[in-house]
Amino acid sequence: GKQGPKPAPPLEGIKDVKAIIAIASGKGGVGKSTTAVNLALALARRGLNVGLLDADIYGPSVPRLVGAQGKPDVAGKIIEPIIAHGIKTMSIGYLVDQEKAMVWRGPMVGSAVTQLLGDVHWGDLDILVVDMPPGTGDAQLTLSQKVPLAGAVIVSTPQDIALIDARKGLAMFRQVDVPIFGIIENMSYFLCPSCGDRADIFGTGGARETAAALGADFLGEIPLHMDIRETSDQGTPVVSVSPDGPQARAYLDIAEKIA
Ligand code: ADP
């Protein structure tokens with residue numbers, strides 16, 4: 001009979017992972033990584049076994065966001081994930097120094113991501129959260145094809161330009177038949193740390209409208225709040241340090257909609 005292309009061998013590292021979800025954004029700086037980390041922790045608080053893969057090879061931010069340094073244990077070609085705040089994490093940032101990865105070319109980036117999936121001892125996981133690189137270029141497309149994604153979550157700010165990029169992100173996942181869980185509006189409104197007043201700095205409701213127009217679910221709004229930025233900078237994500245506070249609430253509510 002006719003010989004089709006050989007199917008890619010299954011990746012050993014993720015063989016006991018029940019679901020992989022991608023956190024994506026059309027452009028950088030919208031808070032995708034911050035959202036991915038806090039959502040992963042929020043899912044773990046729901047009693048799930050959670051992993052967090054930083055697929056951003058050029059600009060890994062997970063090590064800083066979870067406050068983890070140091071080198072993972074490596075036995076043969078198996079890399080042990082680094083446990084931080086109760087979840088298993090892996091990032092190129094743990095393995096090579098930044099300046100070196102910065103000059104890598106496309107194929108090396110692709111094989112690095114494959115390695116972070118296949119050679120990492122993820123073990124039994126209910127959910128592996130993947131912090132995708134920003135944008136909708138070839139690297140993102142390849143990744144969405146290579147990784148057996150259960151679904152994607154798009155993070156956007158309320159500003160028009162970010163929303164246009166979010167539309168592109170949505171279109172990209174649809175092109176490769178990855179279900180869209182929905183859109184999150186980050187930096188949705190400003191919560192004043194001293195008076196608690198709300199100000200809609202970038203306008204509001206944009207992501208909700210885009211979601212409705214594109215037939216995607218709207219998953220929720222995350223406020224722009226000093227605590228979220230400061231806890232991220234300190235490597236102690238807000239869902240980990242103040243899970244009962246109002247800032248963590250937004251992530252926990254979204255986690256409940258996802259799983
Ligand atoms: P991206 O992954 O999209 O490039 P980051 O997650 O690195 O974006 O966030 C960019 C900056 O914005 C970081 O300094 C981060 O701490 C901050 N940030 C992200 N979301 C919020 C938020 N909801 N409130 C306050 N600061 C935020």
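With 259 residues, a compact globule would be expected to have a radius of gyration near 18 Å, and the chain agrees with this because its own value is 18 Å. That radius is taken over C-alpha atoms, and the globule rule is 2.2 Å times the number of residues to the power 0.38. Please note that this is a predicted model, in which local features need pLDDT of at least 70 and side-chain atom pairs count only at pLDDT 80 or more, while totals for chains, interfaces and linings use all residues. Residues are numbered from 1 along each chain as its sequence is written.

The chain contains eleven helices and eleven strands; these are DSSP runs, numbered from the N terminus, with helices (H or I) of at least four residues and strands (E) of at least two.

Let us turn to the interior. Of the 259 residues, 46% are buried. A residue is buried if 20 or more other C-beta atoms, placed from the backbone, lie within 10 Å of its own.

The largest nonpolar core holds 75 residues, and Ile21, Ala40, Val129, Val130 and Ala152 have the most contacts inside it. Such a core is a set of buried Ala, Val, Leu, Ile, Met, Phe, Trp, Tyr and Cys residues joined through C-beta atoms within 7 Å. Helix 1 contributes the most to this core, namely eight residues.

What does Val130 touch, leaving aside residues up to four places away in sequence? The partners are Ile20, Ile21, Ala22, Ile23, Leu53, Ala55 and Val147, where contact requires C-beta atoms, placed from the backbone, within 7 Å.

Terms used. A residue is buried if 20 or more other C-beta atoms lie within 10 Å of its own, exposed if 12 or fewer, and partly exposed in between; C-beta atoms are placed from the backbone. Two residues are in contact if their C-beta atoms, placed from the backbone, lie within 7 Å.
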